[in-house]
Amino acid sequence: SLARLEQFQPWVKAIFPSDPFQTIVLVVGVLICSTLLKNLLLIANEVIVGRVSLDISRNIRRKIFEKAMFMGRAEFSEIGTSGVVSKISHTTDMLSTGLTNTFGGAVREPLKLFACLLGASLICWRLLLLSIVIAPLVGFMLSWVTKRLRGIARELIAKADSFHSVMLESLDNINTVQVFRQENWERAQFGDATISMRNYGLKFVFYTSLTKPIIEFLGLGMLGTTIVGGAYLVLCKETSIWGIPISNEQLSVSAMLVFFGMLIGASDPLRKLSAIYSSIYAGA
């Protein structure tokens, strides 16, 4: 290891400054340039992902409309105008939101998470394994919530079809409704359809709200386990916990601080993933 470091030492001396003030200036300059580059890439990411998701939504809407134009009368009557309108508007909007979040945060945030965990593993991979002992429990809880979200999303789409059916039937036959004085009855029907959508929407919001504490519990559990285990290794100057070897040599305070920083960095992508988890599965 020392020989490899000595091999790179001339390159380091040639590239990096040795003066403390110049080093601070270099660090600040790199920080500003990297932040600017990050924001430029984020803007490009949002624009590209938005373009892709909107194009996909447009193509699906166009195909649904073309399908409706060439349907047989019996088939179209079975689905109804409301069913076609619901698919073109409500369902495709759910898909578009899911696509945007999937190709945006669901791709970017796991890469950030992987980078932080990779950095932590380079310091002490056994301690990293110790920190994710609660991951199977969290995975089971997320799997249960996911199944519920998918089922409720399907019911929400069905209720949207019913909502559009009541709305379009009333508005398309407004003259008949007014002639036979059925305004109050139609208003009650529309109220029932909207309250049904509201109830299923509340269920979706409830199970969506469960994903955030579950995923944050994973991040907090990882950090808490590492703090306890790492503090024991550093303060007691040990290399094993309960007879299980964790590191080949004693960990320094600086190494543990960097390790903690990596895990804190990993908790941010987990938090952001919890915010977009529901819309991804609604799109699915």
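This is a short talk on the core, the aromatic rings and the largest pocket of one structure.

Good morning. Keep in mind that this is a predicted model. Let's start inside.

The largest nonpolar core holds 34 residues. Which of them touch the most other members? They are Leu127, Leu251, Met256 and Phe259. Now look at the helices behind this core. Helix H4, residues 105-131, supplies at least two of its residues. So do helix H5 (135-172), helix H7 (183-235) and helix H8 (253-283). Which helix gives the largest share? It is H7, with nine residues.

Let's zoom in on Met256. Set aside residues up to four places away in sequence. Met256 then touches Leu127, Thr226, Gly230, Val234 and Leu251. Two of these names, Leu127 and Leu251, also came up in the list of residues that touch the most other core members.

There is a second core, separate from that one. It has five residues, including Ala160, Phe163, Val166 and Ala193.

Next, the rings. A pair of aromatic rings is described by the distance of the centres and the angle of the planes. How many aromatic pairs does a search of the whole structure find? It finds two.

Take Trp144 and Tyr207. Their rings sit edge-to-face, 5.8 Å centre to centre, with 65° between the planes. The planes count as edge-to-face because the angle is over 60 degrees. This pair links distant parts of the chain. Trp144 is in helix H5, Tyr207 is in helix H7, and they are 63 residues apart.

Are these two residues buried or exposed? Tyr207 counts as buried, because its relative accessibility is 12% and the cut-off is under 20%. Trp144 is partly exposed, at 46%.

Now the other pair, Phe206 and Tyr207. It is edge-to-face as well, at 5.1 Å centre to centre and 75° between the planes. Phe206 has 47% relative accessibility, so it counts as partly exposed. Put the pairs together, and Trp144, Phe206 and Tyr207 form a cluster.

One more ring before we move on. Where does the charged end of Lys203 sit? It sits over the ring of Tyr200, 5.0 Å from the ring centre.

On to empty space. Rolling a probe the size of a water molecule over the atoms shows where empty space is left. The largest pocket here has a volume of about 220 Å³. Which residues line it? Among them are Lys38, Leu41, Leu42 and Asn45. Phe103, Gly104, Val107 and Arg108 are in the lining too. So are Glu109, Lys112 and Lys272. Helix H2, residues 20-69, supplies at least two lining residues, and so does H4.

Let's stay on helix H2 for two residues. The first topic is Ser53, which is found in this helix. Ser53 counts as buried, because its relative accessibility is 1%. Leaving aside neighbours within four places in sequence, Ser53 is in contact with Ser96, Leu99 and Thr100.

Leu40 is in helix H2 as well. Is Leu40 buried or exposed? Leu40 is exposed, because its relative accessible area is 51% and the cut-off is over 50%. How far is Leu40 from Ser254? In sequence they are 214 residues apart. In space they are 33 Å apart, C-alpha to C-alpha.

That's the tour. Thank you.

Key:
Residues numbered from 1 in each chain as written. Predicted model: local features only at pLDDT ≥ 70, side-chain atom pairs only at ≥ 80, totals over all residues. Heavy atoms only, no water. Core = buried A, V, L, I, M, F, W, Y, C linked by side-chain atoms within 4.5 Å. Buried < 20%, exposed > 50% of the residue type's maximum accessible area, 1.4 Å probe, protein only. Helix = DSSP H or I, 4+ residues; strand = E, 2+ residues; numbered from the N terminus. Contact = heavy atoms within 4.5 Å. Phe/Tyr/Trp six-rings, centres within 6.5 Å; stacked < 30°, edge-to-face > 60°. Lys NZ or Arg CZ within 6 Å of the ring centre and 35° of its normal. 1 Å grid on protein atoms, 1.4 Å probe; cavity = no way out; pocket = protein on both sides within 12 Å on 5 of 7 lines; lining within 4 Å. Points joined across faces, edges and corners; volume = space filled by probe spheres on them.
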